[in-house]
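This report looks at backbone outliers, packing and internal space in a single model. Keep the sequence and the coordinates open while reading.

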Amino acid sequence: MCYTAVIKLKNRLMSIKTIKKIYLIGRKKMKKTFITRLPDKAGAFLKASEIIAENKGNIVRVSYNKAIDVHTLFIDVSATEEQLDSISEQLNKIGYLQEQKNNSVILISLKLHDVPGAVKPILEVISKYSINISYINSQENGTEYQYFRMGLFIENPDIIKSLLDELSLLCDVNIIDYTVTEKTLDSTVFYLSFANEMRNILSLSQEQTNEIIINSNKIMQLLDDKEESAQKTFEYIRKFAVFIVGHKGARFNAHIHKKDITDKTRLIMVEPPCGSNTYILENNNELLFIDSGFACFAEEMSVIFDSLFASFDEMHKDIVLTHGDIDHTGLLSMFSSIYTSGDTYENFRLENEKSDNFREQNVMHAPYCRLSRIISRYQPPDIKKIKIIGQKKDNNILSKIGELSFGDLNFNVYQGDGGHVKGETILVCEEHKLIFTGDDYVNIKGFSVEQQEFNLLAPYLMTSVNIDSQKATLCRNEIINRYGDYMICPGHGMWIE
């Protein structure tokens, strides 16, 4: 009787805990970024903050830069899902939340007599049509005329003809192709223009477009603290997207290198224009990959694999990851098994739960990583496919966590101390003096022209490619000291024999 009672009480307590857990999940704090379009008047931010406070929300980040956009304010709010929904509804009700629209910005050049008051009738016409001037530039040039360049934000395309006709009665008007990279741009519509451009370059959904804008702003804010140019931030992000799109299809210029390691095992290296090297070990109709580049180049890489192996689809193929960065993990869906360190498995588990992975837990790296996910089309792997090689249990610079064999090659597997990123893994075949280092060692001198161009972007947008630069340096020096006479296969750049 007593034993039965204890069991029943225990079950009842477990049920209460379960109910409490479900309740707490429902009350779990979340974080959301609101892109608000505030009126340019006193008290606008106060009104938004009052709505957030009334709904028990906590403002954890605010970003506003008048030099970029006089209306757009980014507000990160921590609250429950229910509270966030209520905040969204109330902000939208007073017109503070607006969908991104495909509005037009037209740059015109006006030839005006260089006399007092010449620009006044022009401004009166523009004001009559309720048009915002997003950019204006003029300077005397030693002649009797001045050329005024104006960026006009057009919300209603139907008025363009009437506007230009009326301006033409006052002076010569020329239409100039407009680009948002104009260095002197001071625009109330900058984010709208940037969003539309990124959407068009990458064929993004509205949700993805908003994520691009939010994380671009976060990078801008981080670099603004270092007194970096805000315009330079968006220029680099644009270059990132253009570079990726510009190297798709026939423009994917990958370099391929081959070497026999033993009589039975061949090593192939695919060196893409950007993203990690992909190494392939081939033995007896089986393949072992080490890393796999960006997801956005899956089609291009598949074409290469089909050209290298006559029956690629039918071959058994596994992959070993040196770490979990998305420029190394893009093709994981095509493999039977994915071998990783225990920490890299945890990195992917966090991603599958929609939580910040190890690199995103670093506030300096998170915005760039999230941008990279969208631009490169990354998706987390199926963690059921992952096989854990071992777990680091000490604080040594390099710690052996296990062993791995493929054909007639036997590897000792080491894990670094997290200088580049937690979970970083190095494969060493002592018999044949062969080492795969991932990004703990990269051959900068061996970069192709395309790689040199692309690799200027990440360090700027992330401020550093390493989580801990001091630890990363110690790990790199340890590799050189121990394995300097080995064939080194780095994460990026040509192998070193």
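Arginine 377 sits in the loop that joins helix 11 to strand 14 (386-388). The model is predicted. Arginine 377 is not a glycine, yet its phi is positive, at about 65°. Most residues other than glycine have a negative phi. With a relative accessibility of 38%, Arg377 counts as partly exposed.

Asparagine 285 also has a positive phi of about 65° without being a glycine. Its loop runs between strand 10 (278-283) and strand 11. Asn285 is partly exposed, because its relative accessible area is 47%, and the partly exposed range runs between 20% and 50%.

**Nonpolar cores**

The largest nonpolar core holds 56 residues, and Ile244 and Ile280 touch the most other members. Several elements each supply at least two residues of this core, including helix 6 (190-202), helix 7 (206-224), strand 9 (266-271), strand 11 (286-290) and helix 9 (298-308). Helix 8 (230-246) is also on that list. Helix 8 contributes the most, with seven residues.

What does isoleucine 244 touch, leaving out residues up to four places away in sequence? Its contacts are Cys274, Phe294, Cys296, Phe297, Ile375 and Phe454. Another core, of 23 residues, lies apart from this one; Leu288, Ile290, Val413 and Met487 are among its members. In soluble globular proteins, nonpolar side chains tend to be buried together.

**Two helices**

Helix 5 (residues 160-168) has Leu163, Leu164 and Leu167 as its buried residues. Viewed down the helix axis, these fall within an arc of 90°, so they line one face of helix 5. An α-helix has 3.6 residues a turn, so residues three or four places apart point the same way.

Serine 216 belongs to helix 7. Ser216 is buried, because its relative accessibility is 0%, and the cut-off for buried is under 20%. Beyond residues up to four places away in sequence, Ser216 touches Phe194, Thr233, Phe234, Ile237 and Leu371.

**Pockets and a cavity**

Rolling a probe the size of a water molecule over the atoms shows where empty space is left. The linings divide by class as follows.

| Space | Nonpolar | Polar | Charged |
|---|---|---|---|
| Largest pocket | 13 residues | 16 residues | 20 residues |
| Second largest pocket | 18 residues | eleven residues | eight residues |
| Largest cavity | six residues | four residues | no residues |

The largest pocket has a volume of about 1900 Å³. Its lining comprises 49 residues, with Lys31, Glu207, Glu211, Asn215 and Arg370 closest to the centre. Which element gives the most to this lining of the largest pocket? Helix 7 does, with ten residues. Strand 1 (29-37), helix 3 (81-93), helix 10 (342-352) and helix 11 are among the other elements that each supply at least two.

The second largest pocket encloses about 800 Å³. Of its 37 lining residues, His420, Asp439, Asn455, Val465 and His492 lie nearest the centre. Elements giving two or more residues to this lining are helix 10, helix 11, helix 12 (449-454), helix 13 and helix 14 (469-483).

How many cavities of 30 Å³ or more are there? The count is one. The largest cavity holds about 40 Å³ of space. Its lining includes Phe252, Pro272, Cys274, Ser276, Phe294, Phe297 and Met301. Cys274, Phe294 and Phe297 from that lining are also contacts of Ile244.

Note on methods: Residues numbered from 1 in each chain as written. Predicted model: local features only at pLDDT ≥ 70, side-chain atom pairs only at ≥ 80, totals over all residues. Heavy atoms only, no water. Buried < 20%, exposed > 50% of the residue type's maximum accessible area, 1.4 Å probe, protein only. Helix = DSSP H or I, 4+ residues; strand = E, 2+ residues; numbered from the N terminus. Arc of directions from axis to C-beta. 1 Å grid on protein atoms, 1.4 Å probe; cavity = no way out; pocket = protein on both sides within 12 Å on 5 of 7 lines; lining within 4 Å. Points joined across faces, edges and corners; volume = space filled by probe spheres on them. Nonpolar A, V, L, I, M, F, W, Y, C, P; charged D, E, K, R; others polar. Core = buried A, V, L, I, M, F, W, Y, C linked by side-chain atoms within 4.5 Å. Contact = heavy atoms within 4.5 Å.
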